[in-house]
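Reader: Please choose a single part of this protein and take me through it closely. Explain each term when it first comes up.

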Amino acid sequence: MKRVFAAVYSICTVCVMTLSSCGKSQPENISLPDKFSVKAEITDRDFTANAEMLRLENGWEITVTEPETLKGMEITLTDADCKIAYSELSYTASNKDLPANSALRLTAQALDRCVKSKTEGKLNGADYKVTFKDGKPESLEIGGEIEVKFSGYKA
């Protein structure tokens with residue numbers, strides 16, 4: 001009887017350990033749609049900015065809402081170029097001429113990868129991970145230096 005009890009106990013223990021470890025090690029398999037909008041609070045070291053981000057089939061339309069000094073800046077990112085409009089000024093540049101590691105650009109690239117269910121990996125040599133809550137993006141960390149909190153997600 002003691003052997004049967006010990007065998008059943010061992011099997012139950014192995015099952016519990018296996019099930020609990022599987023749930024923690026699996027990356028989230030979430031895919032965002034081609035078009036969506038989200039609000040982002042982006043912190044890069046000691047600088048924080050807020051933006052409304054709209055993902056379209058051909059790129060991003062981003063409007064900065066904070067800090068006050070940049071409020072209203074509109075940024076359009078496509079695969080080919082970036083257009084920045086602020087007040088009466090406008091500037092267009094090829095993507096290869098822009099800083100590859102800007103927090104806003106990396107945020108857009110990480111969300112682009114979530115469209116293909118790639119919620120974690122590397123961006124320009126830095127590790128990134130997007131976390132979700134109830135199927136909506138909740139936060140993003142890039143390289144231990146950039147943190148993003150998402151809200152207001154709409155598909």
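Author: Two strands pair if DSSP finds at least two bridges between them. Strands (E, at least two residues) and helices (H or I, at least four residues) are DSSP runs, numbered from the N terminus. The part chosen here is strand β2, residues 47-56. The model is predicted, so local features need pLDDT of at least 70 and side-chain atom pairs count only at pLDDT 80 or more, while totals for chains, interfaces and linings use all residues. Residues are numbered from 1 along each chain as its sequence is written, and side-chain values use heavy atoms, with hydrogens and water left out.

The setting comes before the strand. The protein has two helices and 10 strands. Read from the N terminus, its elements run α-β-β-β-β-β-β-α-β-β-β-β. Of its 155 residues, 29% count as buried; that word means under 20% relative accessible area, whereas exposed means over 50% and partly exposed lies in between, with a 1.4 Å probe and protein chains only. A contact means heavy atoms within 4.5 Å. Among the contacts with a separation of 6 or more, 35% are between residues 24 or more positions apart.

Now to β2 and its partners. Strand β1 (36-44) runs antiparallel to β2, and nine bridges join the two. One of these partnerships links Val 38 with Met 53 in β2. The hairpin of β1 and β2 has two residues between the strands, and there Arg 45 takes a positive phi near 60 degrees. β2 also pairs with β3, again in the antiparallel sense, over seven bridges. Here Leu 54 has Glu 61 of β3 as its bridge partner. β2 and β3 form a hairpin as well, with two residues between them.

A single residue shows how β2 meets both partners. Asn 50 lies in strand β2. Asn 50 counts as buried because its relative accessibility is 17%. Leaving out residues up to four places away in sequence, Asn 50 touches Ala 40, Glu 41, Thr 63, Val 64, Thr 65 and Glu 66.

The last of these contacts leads out of the strands. Glu 66 is joined to Pro 67 by a cis peptide bond, with omega about 5 degrees. Pro 67 lies in the loop between β3 and β4 (74-77). Most peptide bonds are trans, and most residues other than glycine have a negative phi.

β2 also helps to line two pockets. A pocket is an open set of points on a 1 Å grid over the protein atoms alone, with protein on both sides within 12 Å along at least five of seven lines; a cavity is a set where a 1.4 Å probe fits but cannot get out, and lining residues have an atom within 4 Å of a point. Points are joined across faces, edges and corners, and a volume is the space filled by probe spheres set on them.

The largest pocket holds about 370 Å³ of space. It is lined by 17 residues, and those closest to its centre are Trp 60, Thr 78, Asp 79, Gln 109 and Asp 112. Two or more lining residues come from each of β2, β3 (59-66) and α2 (103-114). With five residues, α2 gives the most to this lining. By class, the lining has five nonpolar, six polar and six charged residues. In this scheme Ala, Val, Leu, Ile, Met, Phe, Trp, Tyr, Cys and Pro are nonpolar, Asp, Glu, Lys and Arg are charged, and the others, Gly among them, are polar.

The second largest pocket has about 220 Å³ of space. Of the 13 residues that line it, Phe 47, Ala 49, Leu 70, Ala 103 and Leu 104 are the closest to its centre. β1, β2 and α2 are the elements that give two or more residues to this lining. Here β2 gives the most, with four residues. By class, the lining of the second largest pocket has 10 nonpolar, two polar and one charged residues.

One further note concerns α2, which shares both linings with β2. In the loop between α2 and β7 (120-123) sits Ser 117. The phi of Ser 117 is near 65 degrees, a positive value in a residue other than glycine. Ser 117 counts as partly exposed because its relative accessible area is 27%.
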